[in-house]
Amino acid sequence: MHATSMHIPDGFINAPVSALAWAIAIAGLAVCIWGARRQLDEKTAPLAGLIAVFVFAMQMLNFPVAAGTSGHLLGGALAAILVGPYAGALAVSVVILVQGLLFADGGLTAMGLNIINMGLVTAVVGWFVFRLVVRLAGTSRPAVLAGAFLAGLIAVPVSALVFVLEYAIGGTGTINLGTVLAAMTGVHVLIGIGEGIITALTVGAVYLARPDLVYGLHDRSRAALEIRSAASTPAAESGSGPSQQPSGTVGG
Amino acid sequence: MRKGIWLIIGIGIAISLVAAGVVSFYASSSPDGLEKVAEQHGFIDQAQDSANATLPTADYAIAGVENERLSVGLSGVLGVAVMILVAFGLFWLIARGRKPSDPGAQGGQAVVPDSSTGTRAATN
């Protein structure tokens, strides 16, 4: 029997909060489509597709984390680092959609919650952690590996905390929030270590083969904004003036 | 030499097929983090089967396939195939959508058809 894989089943969270989560998830996905349209091009669109396929496959591989407990990759941090936060969140959301519709993995009512927690939250958190690390530590290979590891490590427990928040608002059972919060955080830090290792290995492999494909090192959305603003400020057109470099741009 | 994007795609899909089709059988079947906490803190019984739990592909097992290794492996391969169609299709549509209908338009400026476009085109 394959373990149900870290997805919220139907019944944990009541119908109104699940419906609200669906609405938030749809709004979030709309923003992601809008953002991905700016960030993707002919080269990165197939890469985003591959990342979604890869995350689906890796989510089937539950690894043991503690006595009688398992976890698997969530993948939002990995996807965000490689193809940007918008396309990354979309990639994981497509995984959740296929898992829910084709394999009845994760509730249909609860799918909005799962899209928020595993798609949107992990991509956003993973993205900002990675960007922070490469901004502070640079874009050397150790820095990129450390950034990818920390992005995965931190994204998973944050996702678990969002679940506890959702349960506090719309949970159907009576629980001690404090002890559940502690238990969820503890086990998901352990799962986060696995997430961090897989994220670092995958980002490291792509970095070795084609560093230009690691989106988190070349934020093209900023470059696009620069190009667009160049219309009003011609001096920025070359993008080489030090004063014109946005502080977040890293790498080449 | 820089490796081509489609070579990387091919390698990635091969890895995904092996992971989902073969290695998945050896995945831990222990309850995951959320399940474990729900068991220990008394809310696991609130879980309900989703509406499509009777699908012949539910829970990564193909109905009628007795061999568990084959059943989960086929599920994995099926999932990878569906993911390729859905994900590559979605991102292809999104990347395609950023191109305006005008075939001559290139680059980021053309994405925003604002009022200044005409002026910019004239000055270029």
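**Group meeting: chains A and B, and the core**

Okay, so let's start where the two chains meet: the contact takes 66 residues from chain A and 63 from chain B. Keep in mind that this is a predicted model. On the chain B side, the elements giving two or more residues to the surface touching chain A are helix H1 (5-21), helix H2 (33-40) and helix H3 (68-97). H3(B) puts in the largest share there, 17 residues. And what's that side of chain B made of, in terms of nonpolar, polar and charged residues? We get 32 nonpolar, 23 polar and 8 charged.

Now over to chain A on its own. We've got 8 helices and 2 strands, and reading from the N terminus the order goes α-α-β-β-α-α-α-α-α-α, so to speak, with the two strands coming after the opening pair of helices. Chain A has 252 residues, and 57% of them count as buried. If you take the chain A contacts between residues at least 6 apart in sequence, 77% of those join residues at least 24 apart.

Next, the core. The largest nonpolar core has 106 residues, and the ones touching the most other members are Ile51(A), Ala52(A), Val55(A), Ile81(A), Leu82(A) and Ala91(A). Which helix gives the most to this core? That's H5 of chain A, residues 111-137, with 15 residues.

Let me zoom in on one of those names, Leu82(A). Which residues is Leu82(A) in contact with, once we leave aside neighbours within four places in sequence? The list is Leu47(A), Ile51(A), Val203(A), Val206(A), Val214(A) and Tyr215(A). Ile51(A) turns up there, and we already met Ile51(A) among the core residues touching the most other members.

Terms used. Residues are numbered from 1 along each chain as its sequence is written. Chains are lettered from A and ligands numbered from 1 in the order in which they are written. This is a predicted model: local features need pLDDT of at least 70, side-chain atom pairs count only at pLDDT 80 or more; totals for chains, interfaces and linings use all residues. A nonpolar core is a set of buried Ala, Val, Leu, Ile, Met, Phe, Trp, Tyr and Cys residues joined through C-beta atoms within 7 Å. A residue is buried if 20 or more other C-beta atoms lie within 10 Å of its own, exposed if 12 or fewer, and partly exposed in between; C-beta atoms are placed from the backbone. Helices (H or I, at least four residues) and strands (E, at least two) are DSSP runs, numbered from the N terminus. Two residues are in contact if their C-beta atoms, placed from the backbone, lie within 7 Å. Ala, Val, Leu, Ile, Met, Phe, Trp, Tyr, Cys and Pro count as nonpolar, Asp, Glu, Lys and Arg as charged, and the others, Gly among them, as polar.
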